[in-house]
Amino acid sequence: MKARGKSATGGVRSPSKRAAKRRAVGARELVAAELRWTCRALRPSKKPPSAAFLLDQERPMAALQTGLSIQAPGYHLFVSGLMGSGRTAVVELLLRDMQPRCKRVPDRVFLHNFRESNRPLLVSLPPGTAATFRDELEDLGGALHAALLGALRSRPHRMSRRVVLRATDSRDRRIMEALQRQAQKQGCALVRFQSQSGATTADIYPVVEGEPVTLDALSALVIEGKLPESERERLLRSREQLLERLEEVNERVREEHVRVAGELREMDRKLAWNVWRAHTREFVKRWPGREVADWLDAAGEFVERHLGQLVGRDETDDEGATEEGSDFDRKAAPFDPLPFRPVLFRAAIVKTSFNDACPVVIETNPTYANLFGTIRQPADGSAPGPQDVHPGALVRADGGYLVLRCIDVLGEPGVWPQLKRTLQTGRLEIRDADPAGGGPSSGLQPEPIPLDVKVVLIGEPGVYEQLATEDQQFPQTFKIHAEFDATIPVNRRNLTRYADYLHWLAGRESLRPFGGEAMAAVAEYGARAAGRRDRLITRYSELGDLAREASHLAELAAAAAVGREHVVAAIEARRQRHDLAQELTERDYSAGYMRLSTTGVAVGQVNALTVLDTGTLEFGRPCRITCNSGVAVAQRSGLINIEGLANLSGPIHDKGVMILEGFLLQEFGRDGPLCMQATICFEQLYGGVDGDSASLAQLLALLSSLSSVPLHQHLAITGSINQKGEVQAVAAVNEKVEGFFRICRARRLSGRQGVVLPDANASDLMLDADVVQAVERGEFHIYAVSSLVEALALFTDLDGAEVLARVRAALAEFRRVAG
């Protein structure tokens with residue numbers, strides 16, 4: 001059994017003499033007027049319907065207004081109860097209709113971080129100015145690059161550098177010439193060498209016969225007798241003295257080069273800063289703010305550190321002299337992988353707004369990247385930069401509202417924990433993260449983005465309570481729960497809502513206009529879908545689909561307007577598209593594969609009404625319940641639920657069986673032990689069973705078996721029973737009644753067949769017209785009962801108390817036999 005939402009129906013028919021007799025014992029037969037609600041023709045007010053007007057529910061609307069009005073941490077919204085495919089659109093319309101107050105957030109851009117290149121800096125700007133800032137900053141970068149190149153490579157600046165370098169070279173030559181003269185006086189010579197790398201080194205060689213010789217050659221001359229040993233020793237002593245002097249000279253030259261290099265750097269730096277200040281002065285005035293000023297300072301420091309890469313030192317002067325020895329020599333300057341380039345002055349826009357409108361973002365695919373943003377790898381394989389940071393829906397919704405479906409968020413790996421963290425801290429970190437692995441996959445770590453956004457989660461009924469139970473942080477993050485009822489009362493105001501919606505939809509989508517009777521037929525469909533004839537569904541997307549299909553049928557029939565017949569035909573066509581499972585089930589009954597009696601009487605056997613749900617259609621399926629009983633044996637006693645032993649029953653069904661035992665104890669337990677055993681079974685039901693809507697039928701079968709009183713098979717019954725013998729309401733009574741009616745009609749209606757249902761469900765009936773007509777003609781009957789005694793009277797033609805007395809006598813006999 002399926003325990004779904006309750007249905008609503010009614011009927012009309014003159015009561016028979018047998019019915020009068022049964023009402024005398026408490027059961028009542030329903031007339032045709034009680035089986036279906038018929039709506040009068042509707043007239044629209046022709047006012048454009050708003051979402052709030054269509055839903056008309058004060059409590060959730062007040063909750064929404066509270067959540068939208070309070071600007072404090074944790075006041076995010078969870079909306080439940082809006083069923084149907086169009087609920088996201090309904091929430092969007094609600095937000096726009098309510099016109100919540102929004103704070104316009106600043107524009108934000110990412111800039112290259114000159115101090116930590118893997119951590120792009122976030123800069124906030126006045127709203128609507130990000131694009132202008134980006135363009136002006138890029139122009140500034142290009143102008144600075146060109147101006148610095150022009151100034152540092154200009155002829156006056158190069159001449160100034162050359163003067164310093166030539167003075168240094170002149171001093172170096174004089175020092176080395178003085179050392180050369182001193183060496184000559186001591187019989188030695190200063191010899192210079194140049195390596196393959198271009199470096200110049202110097203050494204002291206002894207001089208023999210006017211030529212410098214190596215130490216090995218000097219020793220060879222002594223061995224050959226061409227040079228006295230005493231002369232060799234003198235030359236070596238002189239060489240040692242000169243080497244000490246050479247080291248002193250080299251140290252002086254190195255110190256001079258360091259000084260000159262610093263002097264040249266200072267010349268370049270001063271010139272570069274003059275150019276820098278001249279070009280950035282106006283930019284700073286146009287874009288005041290500490291963030292921009294700090295970034296420009298860092299950029300200036302970066303340019304100062306990389307002037308060598310900017311200018312280049314392989315240039316020659318007009319006379320072909322190379323500026324050797326300076327720290328700007330390309331051979332000596334270290335290679336920097338990140339030289340100054342205009343591209344570093346490009347701003348990556350993170351968030352910008354073009355007007356004061358409150359952003360309402362609907363994210364239908366909340367993957368990690370779509371929601372939080374991502375960092376894409378450049379196609380050329382280079383390291384990612386600020387331009388490769390792509391924000392997600394949270395940033396687009398900053399300053400407004402982000403609407404998400406809860407089931408989508410919970411189904412994406414890593415999204416739910418990160419979303420909670422972001423909403424709790426109010427700061428979004430964009431990372432190229434792998435949600436499955438839990439860690440970032442690139443080294444770029446942009447600065448966190450402050451967020452001022454309200455998230456609206458749309459969930460199913462009961463999800464909020466489940467999440468609040470499982471996660472203590474959830475209700476602290478989503479403090480507002482706006483819970484909409486899926487139905488609204490049937491009254492003039494709400495019927496006008498239906499009419500206004502259909503009138504608006506027809507105009508918006510160019511459908512055939514709807515007549516008053518067609519609108520009434522749609523309202524009747526809304527009551528049937530609500531499960532009660534005094535309620536209407538608020539699934540306007542479903543109503544819209546029905547309206548489109550009815551308009552299509554009217555168009556095919558060349559009708560000028562949609563009439564009731566087109567709506568009825570659309571409903572029937574929709575049912576036929578999905579009723580193959582129902583047709584196959586009823587075919588099995590007609591062929592005799594499924595056993596079900598609709599005439600005669602039987603002991604311990606009753607027709608119960610169940611519901612099968614295919615996902616797109618619910619339909620009633622009658623089912624035979626049988627019960628056998630006898631004296632209890634030592635190993636097994638009490639009521640045996642065969643489906644339960646076979647693991648084919650759900651917990652609610654098992655509870656219903658236990659309630660039957662409770663009724664037996666309440667009714668007969670004081671007479672003595674219940675020395676009985678009974679087996680109860682749903683015959684030919686193999687797919688499992690749950691719910692307690694057949695517990696009344698099970699109790700009838702059990703009492704019939706115990707008392708040996710036969711039950712009428714032309715009746716079927718649905719209803720829940722409690723331990724006191726009171727009949728309780730169940731769900732899907734319309735589908736159950738119609739299911740048994742179709743089988744009886746296929747076997748030919750006898751005029752006695754009918755359905756027994758709880759009296760509490762009588763106001764839920766909204767039966768098909770063919771059932772109502774059969775009742776009106778006296779071919780089918782529907783009875784309402786409120787107690788077990790009333791149901792027994794209907795099924796046995798005996799007083800219910802008499803049946804219970806026979807059960808008491810049977811149990812007494814069981815005790816005697818068992819004793």
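The following questions and answers examine a predicted model of one protein chain.

Visitor: How many helices and how many strands are in the protein chain?
Guide: The chain comprises 819 residues, of which 48% count as buried. Its secondary structure consists of 28 helices and 31 strands.

Visitor: Among contacts between residues at least 6 apart in sequence, what percentage join residues at least 24 apart?
Guide: The contacts in question are those in the protein chain between residues at least 6 apart in sequence. Within that group, the percentage that join residues at least 24 apart is 77%.

Visitor: What share of the exposed area of the protein chain do carbon and sulfur atoms supply?
Guide: The chain exposes about 38800 Å². Carbon and sulfur atoms supply a share of 50%.

Visitor: Which residue caps the N-terminal end of helix α17?
Guide: Helix α17 covers residues 492–508 and reaches 24 Å from its first C-alpha to its last, close to the 24 Å expected for its 17 residues. At its N-terminal end, a side-chain oxygen lies 3.2 Å from the backbone nitrogen of Arg 493. That oxygen belongs to the capping residue, Asn 491.

Visitor: Which residue with a positive phi follows α17?
Guide: The buried residues of α17 include Tyr 498, Tyr 501, Leu 502 and Leu 505. After the helix comes a residue whose phi is positive, near 55°. This residue is Ser 510.

Visitor: Is Thr 477 buried or exposed?
Guide: Thr 477 is found in helix α16, residues 474–477. Leaving aside neighbours within four places in sequence, Thr 477 is in contact with Gly 74, Tyr 75, His 76, Leu 423 and Gln 424. Its relative accessible area is 4%, and the cut-off for burial is under 20%. Thr 477 is therefore buried.

Visitor: Which backbone oxygen does the side chain of Thr 477 reach?
Guide: The side chain of Thr 477 makes this approach at 3.0 Å. The backbone oxygen belongs to Gln 473.

Visitor: Which side chain meets that of Arg 232 in a salt bridge?
Guide: Arg 232 lies in helix α8, residues 229–286, and its partner lies three residues away in that helix, about one turn. An α-helix has 3.6 residues a turn, so residues three or four places apart point the same way. The N to O distance of the salt bridge is 2.7 Å. The partner, partly exposed with a relative accessible area of 34%, is Glu 229.

Visitor: Is Lys 285, which forms a salt bridge with Glu 282, buried or exposed?
Guide: The side chains of Lys 285 and Glu 282 meet at 3.8 Å, N to O. The two residues are separated by about one helical turn because they are three residues apart in helix α8. The relative accessible area of Lys 285 is 56%, and the cut-off for exposure is over 50%. Lys 285 is therefore exposed.

Visitor: How many residues apart in sequence are the parts tied together by Asp 770 and Arg 745?
Guide: Asp 770 forms a salt bridge with Arg 745, the closest N and O atoms being 2.9 Å apart. Asp 770 lies in helix α26 (residues 769–776) and Arg 745 in helix α25 (residues 733–746), so the pair ties together parts whose separation in sequence is 25 residues.

Visitor: Which residues do salt bridges that share partners join into one network?
Guide: A search of the whole structure finds 48 salt bridges. Some of these share partners and thereby form one network, whose members are Arg 528, Arg 575, Glu 735, Glu 738 and Asp 768.

Visitor: How many bridges pair strands β22 and β23?
Guide: Strand β23 (residues 618–631) is mostly covered, with ten of its 14 residues buried. In the β22 and β23 hairpin, four residues stand between the strands, and Gly 615 takes a positive phi near 100°. One bridge joins Asn 607 to Arg 624 in β23. The antiparallel pairing with β22 (residues 605–613) extends over nine bridges.

Visitor: In β25, which residue is the bridge partner of Gly 630?
Guide: β23 and strand β25 (residues 676–682) pair in the antiparallel sense over seven bridges. The partner of Gly 630 in β25 is Gln 677.

Visitor: Which are the edge strands of the open sheet β5-β6-β7?
Guide: This sheet of three strands has antiparallel pairing. Strand β6 (residues 200–208) pairs with β7 over two bridges, and Val 207 has Pro 212 as its bridge partner in β7. An edge strand pairs on one side only, as do β5 (188–194) and β7 (211–212).

Methods. Residues numbered from 1 in each chain as written. Predicted model: local features only at pLDDT ≥ 70, side-chain atom pairs only at ≥ 80, totals over all residues. Heavy atoms only, no water. Expected span 1.5 Å × (residues − 1). Buried < 20%, exposed > 50% of the residue type's maximum accessible area, 1.4 Å probe, protein only. Polar contact = N/O pair within 3.5 Å; in protein donor to acceptor, adjacent residues only side chain to side chain. Contact = heavy atoms within 4.5 Å. Areas by Shrake-Rupley, 256 points an atom, 1.4 Å probe, with all protein chains shown as cover. Pairing = 2+ DSSP bridges. Salt bridge = Lys/Arg side-chain N within 4 Å of Asp/Glu carboxyl O.
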